[in-house]
Amino acid sequence: MKNYGKVTEYNGKYGNIKGIDGIDYTLLDKNIIDNELKVNDNVEFESDTYKTVDVEVNMARFVKVLKK
């Protein structure tokens, strides 16, 4: 499912995306399609939930920067 949001943190390896649905998504560098990703960029991504017994993490995959 495609989602949209804004990059709130990114250090070159991992970061955070705040989705328009209000959910925070974890961003990993291996899931980024565009090389030019920066903080405050609007992005399109596919959401995925990683679940274990102890933790549930919302992941952003196939992240693309929306062109202005």
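## Salt bridges across a barrel

Trainee: In this predicted model, does Lys64 count as buried, partly exposed or exposed?
Mentor: Lys64 has 32% relative accessibility. Buried would need under 20% and exposed over 50%. Because its 32% lies in between, Lys64 counts as partly exposed.

Trainee: Which residue forms a salt bridge with Lys64, with the closest N and O atoms 3.3 Å apart?
Mentor: The cut-off is 4 Å between a Lys or Arg nitrogen and an Asp or Glu carboxyl oxygen, so 3.3 Å qualifies. The pair ties strand S5 (residues 56-65) to strand S4, with the two residues 20 apart. At 11% relative accessibility, the S4 partner is buried. That partner is Glu44.

Trainee: And which residue joins Glu44 and Lys64 in a salt-bridge network?
Mentor: Glu44 and Lys64 already pair up. The network that links them also takes in Lys2.

Trainee: What is the N to O distance between Asp48 and Arg61?
Mentor: Asp48 belongs to S4 and Arg61 to S5, 13 residues apart. Asp48, at 34% relative accessibility, is partly exposed, and so is Arg61, at 26%. Their side chains meet in a salt bridge at 3.1 Å.

Trainee: Which residue does Asp29 meet in a salt bridge?
Mentor: Asp29 is in the loop between S3 and S4, and its partner is 16 residues away in the loop between S1 and S2. That partner counts as exposed, at 53% relative accessibility. The N to O distance is 3.8 Å, and the partner is Lys13.

Trainee: In what order do the barrel strands run?
Mentor: S1 pairs with S4 in the antiparallel sense over 5 bridges. The barrel is closed, has 5 strands with mixed pairing, and runs S1-S2-S3-S5-S4.

Terms used: Residues numbered from 1 in each chain as written. Predicted model: local features only at pLDDT ≥ 70, side-chain atom pairs only at ≥ 80, totals over all residues. Heavy atoms only, no water. Pairing = 2+ DSSP bridges. Helix = DSSP H or I, 4+ residues; strand = E, 2+ residues; numbered from the N terminus. Buried < 20%, exposed > 50% of the residue type's maximum accessible area, 1.4 Å probe, protein only.
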